[in-house]
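Colleague: I would like a close look at one part of this protein. Please take the salt bridges, and set them in their surroundings.

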Amino acid sequence: MALLELRNVRLAFGAPTLLDGVDLRLEPAERVCLIGRNGTGKTCLLEILAGVRAPDSGERVLPRGARVALLPQDVPADLAGPVRLVVAAGAGLDEPWRTDLEVERVLAEVELDGDLAVETLSVGQKRRALLARALARRPDLLLLDEPTNHLDLPTIAWLESYLARWSGTLFFVTHDRSFLRRFARRIVELDRGRLVDWTCDYDTWVRRKEALLAEEESREREFDRRLAVEEAWLRKGIRARRTRNEGRVRRLEALRRERDERRGREGEVRLQANDAERSGRLVAAARGLQLVRGGRELFADLDLTVLRGDRIGIIGPNGAGKTSLLKVLLGELAPTRGELRRGANVQPAYFDQLREVLDPDRSVRWNVSEGLDTLTVAGRPRHVIGYLEDFLFTPERAAQPVRSLSGGERNRLLLARLFTRPANVLVLDEPTNDLDLETLELLENLLAEYTGTVLVVSHDRQFLDEVVTSTLAFDGRGRVREYVGGYADWERQSGGWPAAQAVKARPGRPEPGGGAVPVAPATRRRKLKWKEERELEGLPGRIETLEREQRALHARLADPGLYRNGGEGIAAVQSRLQVLASELASLYTRWEDLETIAGSD
């Protein structure tokens with residue numbers, strides 16, 4: 001029995017239709033990723049699945065007793081009050097004592113202090129509180145809308161570790177390809193109002209999608225050729241209206257109707273940087289930099305040399321000082337101590353993660369051109385409307401105020417604005433937030449070919465690996481070190497985030513009165529028994545065997561041949577996958593418990 005099902009769901013806000021007769025079936029223990037361009041309706045689909053938005057027509061079928069929870073993409077503006085009350089709002093329980101128990105359990109899992117005011121938390125901590133609110137419902141289906149957005153890398157590592165142990169069904173939207181590759185066992189694509197179920201992992205989807213688009217383009221070229229031939233025939237004159245040719249005229253009219261009804265793919269984003277004259281070989285040199293803000297030292301004794309052509313990634317926990325370092329290097333913020341020298345002819349362009357350079361009440365067009373009709377891009381004049389179409393803004397969309405744009409559209413607008421400014425140093429603060437996968441890859445390609453200098457703060461691991469040549473890593477305690485290579489190179493050289501940051505030891509179990517039972521002191525911890533030692537030694541092998549079977553079953557589901565043999569084989573595979581997911585979750589928990597005991601010996 002399906003955990004949740006949509007049947008012939010339709011939703012429109014004018015034209016084009018967002019959801020055009022969508023069908024979707026989600027099974028227990030699945031890991032499904034929804035892919036699609038910005039503005040295609042992915043968030044609306046999640047809200048319909050969650051039951052917080054009603055479709056224009058169609059059915060949402062949820063079995064009695066099944067529970068669904070949604071982690072939204074954006075933090076609600078009215079989110080306020082103690083964390084404990086925010087989490088309790090998601091529990092949905094009638095008995096206060098049961099609600100208290102559930103809230104304390106979830107707060108311990110996500111490692112949040114329930115007495116803190118939500119208003120005082122960082123964006124990443126607010127997202128963690130919203131995740132706790134969703135988990136307090138004990139959902140069978142967890143819907144995640146861009147779950148890694150605004151999270152720092154240590155928190156992403158914690159989230160991935162938590163979700164790897166969670167045994168329910170996941171249905172999520174993400175642009176984070178590392179997250180996507182780790183969790184997606186099935187890809188569902190929202191494309192031009194229709195839902196396409198690919199039933200495969202992400203890398204397989206990329207290959208299949210490229211082949212499908214090539215075939216679709218070939219078919220459309222042949223169709224357009226036939227239509228042009230028929231149109232030319234009709235223009236020859238009176239003979240086309242003779243009785244013996246009426247059938248051909250009817251066929252031509254049918255072709256015209258089909259062409260009008262064909263809902264073509266959106267154009268491709270075209271990115272091109274507006275290069276300035278080359279800077280000098282030295283872009284910036286810092287010696288002994290220190291920055292203190294709000295009584296806290298963000299970094300100290302920082303030595304850094306930036307040369308023309310360098311592409312430097314900056315990583316670290318939220319609040320560590322990454323954006324502040326960019327502003328110091330740009331000259332917008334004075335260091336507390338130290339020396340900073342900028343090179344000759346340095347012309348930076350700054351991508352602001354808070355989008356403060358955008359005027360929300362002005363139009364998309366004005367925010368790029370500031371009233372001008374013509375822009376100079378890559379050395380040649382461009383009409384502003386034509387330029388905005390390169391970033392998928394139609395003339396109608398270009399006339400709308402910025403406040404009406406989605407998060408992904410605002411980021412595309414920031415890129416459009418950025419690339420009109422002549423620059424030889426691109427300074428990018430979280431440029432990948434909310435971008436769809438296609439735009440993200442195009443941005444990577446542009447930066448890889450850019451001849452100037454790039455400074456980028458990002459929590460997108462693959463983006464860093466594709467773009468940067470060296471990495472500055474903040475540890476959150478005022479120390480900054482430089483490493484050669486991208487994120488994977490940093491992880492290999494440094495060993496990754498400390499265990500205390502990435503995946504903390506579980507706190508004690510909650511009691512009915514609230515608060516956690518403190519872990520017993522080391523002197524009272526017992527050692528592993530002989531049988532437990534043997535069990536711990538055997539657990540990796542048992543897990544590997546089950547994971548191997550799991551991978552083989554997912555491969556079977558990705559094989560189109562399975563679907564030609566009827567539904568019985570599919571049901572058996574999905575049933576076994578559900579059992580495997582439950583067994584693996586138990587083994588992971590047991591492994592963690594035994595490792596904790598062993599670590600205290």
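Modeller: What follows walks through the salt bridges, then turns to the aromatic rings. The model is predicted. The protein chain has 601 residues, and 48% of them count as buried. Its secondary structure comes to 20 helices and 20 strands. Among contacts between residues at least 6 apart in sequence, 69% join residues at least 24 apart.

Now the charges. Side chains of opposite charge can pair when their charged atoms come close. The structure holds 30 salt bridges.

Start with R25 and E5. They form a salt bridge, with the closest N and O atoms 3.6 Å apart. R25 sits in strand β2 (residues 19–26) and E5 in strand β1 (residues 4–11), so this pair links distant parts of the chain, 20 residues apart. The two ends differ in cover. R25 has a relative accessible area of 38%, so it is partly exposed. E5 is at 17% relative accessibility, which falls under the 20% limit, so E5 counts as buried. The pair also belongs to a network: salt bridges link E5, R7, R25, E27 and E59.

Next come E102 and R138. Their side chains meet in a salt bridge at 3.0 Å, N to O. E102 belongs to helix α3 (residues 96–110), while R138 lies in the loop between α4 (123–135) and β6 (141–145). The two residues are 36 apart in sequence. E102 is buried, at 9% relative accessibility. R138 is partly exposed, at 44%.

The third pair is K209 with D191, a salt bridge of 3.5 Å, N to O. K209 lies in helix α7 (residues 202–234) and D191 in strand β8 (residues 186–191), so the bridge ties together parts 18 residues apart in sequence. K209 is buried, with a relative accessible area of 11%.

Arginines also meet rings. R128 lies over the face of W158, 4.3 Å from the ring centre. R412 lies over the face of F393, at 5.3 Å from the ring centre.

That leaves rings meeting rings. A search of the whole structure finds seven aromatic pairs. One of them joins Y487 and W490: the ring centres are 5.3 Å apart and the planes at 45 degrees, so the pair is tilted. Both residues lie in helix α16 (residues 487–494); they are three residues apart, so about one helical turn separates them. Both are buried. Elsewhere, ring pairs link F172, F179 and F183 into a cluster.

Technical notes
Residues numbered from 1 in each chain as written. Predicted model: local features only at pLDDT ≥ 70, side-chain atom pairs only at ≥ 80, totals over all residues. Heavy atoms only, no water. Phe/Tyr/Trp six-rings, centres within 6.5 Å; stacked < 30°, edge-to-face > 60°. Helix = DSSP H or I, 4+ residues; strand = E, 2+ residues; numbered from the N terminus. Buried < 20%, exposed > 50% of the residue type's maximum accessible area, 1.4 Å probe, protein only. Lys NZ or Arg CZ within 6 Å of the ring centre and 35° of its normal. Contact = heavy atoms within 4.5 Å. Salt bridge = Lys/Arg side-chain N within 4 Å of Asp/Glu carboxyl O.
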